[in-house]
Amino acid sequence: MAIKFTVAIFLLFLMQCQNDDMPFDDTPIDDTSLVGEWLLTESYVSPGGATEWKDVEEGYRYFFDEFGSYERTDFNRGLLDSGDYKITDKELYLYFITEGEKDTLGYSADFNENKTRLTISPSYPAICIEGCMYRFKKQ
């Protein structure tokens, strides 16, 4: 009886953690459409409950080139970091050097239908339990 109760509570917990209201775009990312400048314009970060998209003023920028390199800058184009990127299925991986060591960040990523908006959510090495996504507009 205790096992059934525990399983039921666990399943209820899992169902509560799903958030079908998080609007993620649905067009897969690809190399050619990613090339260019992308400005962070919106964020969707849950503090542990319901949330909504919020405008970002003076967001940071990504610059992706056709050779697999990227730069991330602040709003005024001051360099924050740079490295290489790779796209696989619906994942975007950024490779960069931190304190002399190669580091990797992975994101679930999608475009909107006309590929002018990029939505990313951390997927490697850490994920957001309650949901966090970031929208970038192509400049």
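Trainee: What percentage of the 139 residues of the protein count as buried?

Mentor: This is a predicted model, in which local features need pLDDT of at least 70 and side-chain atom pairs count only at pLDDT 80 or more, while totals for chains, interfaces and linings use all residues. Residues are numbered from 1 along each chain as its sequence is written, and side-chain values use heavy atoms, with hydrogens and water left out. A residue is buried under 20% relative accessible area, exposed over 50% and partly exposed in between (1.4 Å probe, protein chains only). Of the 139 residues, the share that counts as buried is 32%.

Trainee: How much of the accessible surface of the protein belongs to carbon and sulfur atoms?

Mentor: Accessible areas come from the Shrake-Rupley method with a 1.4 Å probe. The surface of the protein comes to about 9,000 Å². The part that belongs to carbon and sulfur atoms is 54%.

Trainee: In what order do the elements of the protein run from the N terminus on?

Mentor: Helices (H or I, at least four residues) and strands (E, at least two) are DSSP runs, numbered from the N terminus. The protein has two helices and ten strands. From the N terminus on, their order is α-β-α-β-β-β-β-β-β-β-β-β.

Trainee: What share of the contacts with a separation of 6 or more comes from residues 24 or more positions apart?

Mentor: A contact requires heavy atoms within 4.5 Å. Among contacts in the protein with a separation of 6 or more, residues 24 or more positions apart account for 43%.

Trainee: Which residues are linked with Arg-61 in a network of salt bridges?

Mentor: A salt bridge places a side-chain nitrogen of Lys or Arg within 4 Å of a carboxyl oxygen of Asp or Glu, and by this rule the count is five. Arg-61 and Glu-37 meet at 2.5 Å, N to O, which links Arg-61 in strand β4 (residues 61-64) to Glu-37 in strand β2 (residues 36-45), 24 residues apart. Glu-37 also forms a salt bridge with Arg-77, at 2.9 Å, N to O; Arg-77 lies in the loop between β5 (69-73) and β6 (79-88), so this pair ties together parts 40 residues apart in sequence. The residues linked with Arg-61 in the network are Glu-37 and Arg-77.

Trainee: Is Arg-77 buried, exposed or partly exposed?

Mentor: Two residues of the network are buried: Arg-61 has 6% relative accessibility, and Glu-37 has a relative accessible area of 15%. For Arg-77 the value is 47%, so this residue is partly exposed.

Trainee: How many residues apart are Arg-135 and Glu-42?

Mentor: These side chains form a salt bridge, with the closest N and O atoms 3.5 Å apart. Arg-135 counts as buried because its relative accessibility is 8%, and Glu-42 counts as buried because its relative accessibility is 18%. Arg-135 is in strand β10 (residues 132-138) and Glu-42 in strand β2, and the distance between them along the chain is 93 residues.

Trainee: Which backbone nitrogen does the side chain of Ser-46 reach?

Mentor: Ser-46 is found in the loop between β2 and β3 (54-55) and, at 11% relative accessibility, counts as buried. Leaving out residues up to four places away in sequence, Ser-46 touches Thr-51, Glu-130 and Gly-131. A polar contact is a pair of N or O atoms within 3.5 Å; within protein, one must be able to donate a hydrogen and the other to accept it, and residues adjacent in sequence count only if both atoms are side-chain atoms. At 3.1 Å, the side chain of Ser-46 reaches the backbone nitrogen of Gly-48.

Trainee: Which residue has its backbone oxygen 2.8 Å from a polar atom of the side chain of Ser-121?

Mentor: Ser-121 belongs to strand β9 (residues 117-124). With a relative accessible area of 14%, Ser-121 is buried. The backbone oxygen that lies 2.8 Å from its side chain is that of Cys-132.

Trainee: Which residue in the turn between β6 and β7 has a positive phi?

Mentor: Two strands pair if DSSP finds at least two bridges between them; β6 and strand β7 (residues 91-98) pair in the antiparallel sense over six bridges. Thr-88 stands opposite Glu-91 in β7. The strands form a hairpin with two residues between them, and the turn residue with a positive phi, about 50°, is Asp-89.

Trainee: Which residue takes a positive phi in the hairpin of β7 and β8?

Mentor: Strand β8 (residues 101-111) runs antiparallel to β7, and eight bridges join them. Across this pair, Tyr-95 stands opposite Thr-104 in β8. The hairpin has two residues between the strands, and the residue with a positive phi near 50° is Glu-99.
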